[in-house]
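Here is a protein model to explore together. Have a look at it first, and then we'll walk through a few of its parts.

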Amino acid sequence: MIPLVIHFFWCADKRDLGPLELFTLENARRNSGCEVVLHTNKLIDISGVIVRLQEFPTHINGHLAKHIEHRVDIVRLQTAATEGGFYSDTDIVLFKSLIDLTSYNNIFAYQNKSYKTICMGFFGCSPDNTLIKKSEKTFRDLYPGKNYWSLASFRVLIPEILTNSEIYICPQKDFFPVRMKDPTFYTEENERTRDFSKSRGIHLWAHVIPQECFPIVIKKLRAVA
């Protein structure tokens with residue numbers, strides 16, 4: 001069983017939480033049906049959110065961790081392996097409750113079903129989880145990986161993920177209904193209306209959204225979420 005807690009992580013070494021991340025936390029608190037926990041190295045008071053002070057390592061497997069995302073990912077895996085719960089990127093805006101997913105011991109999500117891509121952006125697990133412990137060890141052993149994104153793939157961390165009958169993989173529409181290379185959603189306020197009625201949430205690919213477009217995205221999603 002997956003505990004009804006959703007965890008977010010934010011390393012504030014480069015910038016503080018912004019309006020998009022705060023919007024994400026607000027929607028998780030309102031829609032997920034879970035207790036919301038933010039792990040961060042800079043304390044902040046957010047209504048309805050439990051904030052934990054968290055250190056993020058500067059080195060992994062003896063190598064300098066140059067990217068904040070890698071420092072966050074290893075802590076995310078450590079926490080998940082012990083505590084269980086749901087784990088989400090800070091740019092996934094949730095529309096629906098996660099309660100019906102708690103009956104599984106391990107859930108992941110297709111980022112791209114055609115390519116069988118399963119990233120670390122959203123997953124859930126039971127406490128004291130053997131599979132996630134294995135993922136953490138593999139992450140450490142392979143670090144720094146072949147490229148920037150390679151260890152963010154559960155296909156790499158759990159090679160048997162597609163054949164393990166104890167794993168449930170959510171369809172792409174659940175959390176990744178908009179592709180990263182879909183710029184009109186992010187930049188054009190009056191573009192065509194999207195139907196997210198079959199989605200649990202949306203991964204926003206915040207790293208490719210121009211900061212000046214954040215208000216457009218938030219306005220669109222307020223009408224949905």
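Where does S150 lie? You'll find S150 in the loop between α3 (130–142) and α4 (154–157). Keep in mind that this is a predicted model.

Is S150 buried or exposed? Buried means under 20% relative accessible area, and S150 has 15% relative accessibility, so S150 counts as buried. The side chain of S150 reaches the backbone nitrogen of K146 at 3.2 Å. If you leave aside the neighbours within four places in sequence, S150 is in contact with G145 and V156.

Now for the rings. A search of the whole structure turns up 12 aromatic pairs. Here are two of them, F123 with F154 and Y148 with W149:

| Aromatic pair | Centre to centre | Angle between planes | Arrangement |
|---|---|---|---|
| F123 and F154 | 5.2 Å | 70 degrees | edge-to-face |
| Y148 and W149 | 4.5 Å | 65 degrees | edge-to-face |

F123 sits in strand β10 (residues 122–125) and F154 in helix α4, so their pair ties together parts that are 31 residues apart in sequence. Both F123 and F154 are buried. As for the other pair, Y148 counts as partly exposed because its relative accessibility is 28%, and W149 counts as partly exposed at 47%. Ring pairs also link F9, Y87, F108, F123 and F154 into a cluster.

F9 takes us to the strands, since F9 stands opposite H39 in β2. Strand β1 (residues 5–10) pairs with β2 in the parallel sense over 6 bridges. Add helix α1 (residues 19–31), and β1, α1 and β2 make a right-handed β-α-β unit. Strand β2 also runs parallel to strand β3 (residues 50–53), and 4 bridges join these two. Here V37 stands opposite I50 in β3. Of the 6 residues of strand β2 (residues 35–40), 5 are buried, so β2 is largely enclosed by the rest of the structure.

Last stop: helix α2. How far apart are the end C-alpha atoms of α2? At 1.5 Å a residue, the 16 residues of α2 (residues 68–83) should span 22 Å, and the end C-alpha atoms are indeed 22 Å apart, which agrees. Like β2, α2 is mostly tucked away: 12 of its 16 residues are buried, so α2 is largely enclosed by the rest of the structure. The buried residues of α2 include I68, H70, R71 and V72. Right after α2 comes G84, whose phi is positive, near 70 degrees.

How values were computed
Residues numbered from 1 in each chain as written. Predicted model: local features only at pLDDT ≥ 70, side-chain atom pairs only at ≥ 80, totals over all residues. Heavy atoms only, no water. Expected span 1.5 Å × (residues − 1). Buried < 20%, exposed > 50% of the residue type's maximum accessible area, 1.4 Å probe, protein only. Pairing = 2+ DSSP bridges. Right-handed = clockwise from strand over helix to strand, strands pointing away. Polar contact = N/O pair within 3.5 Å; in protein donor to acceptor, adjacent residues only side chain to side chain. Contact = heavy atoms within 4.5 Å. Phe/Tyr/Trp six-rings, centres within 6.5 Å; stacked < 30°, edge-to-face > 60°.
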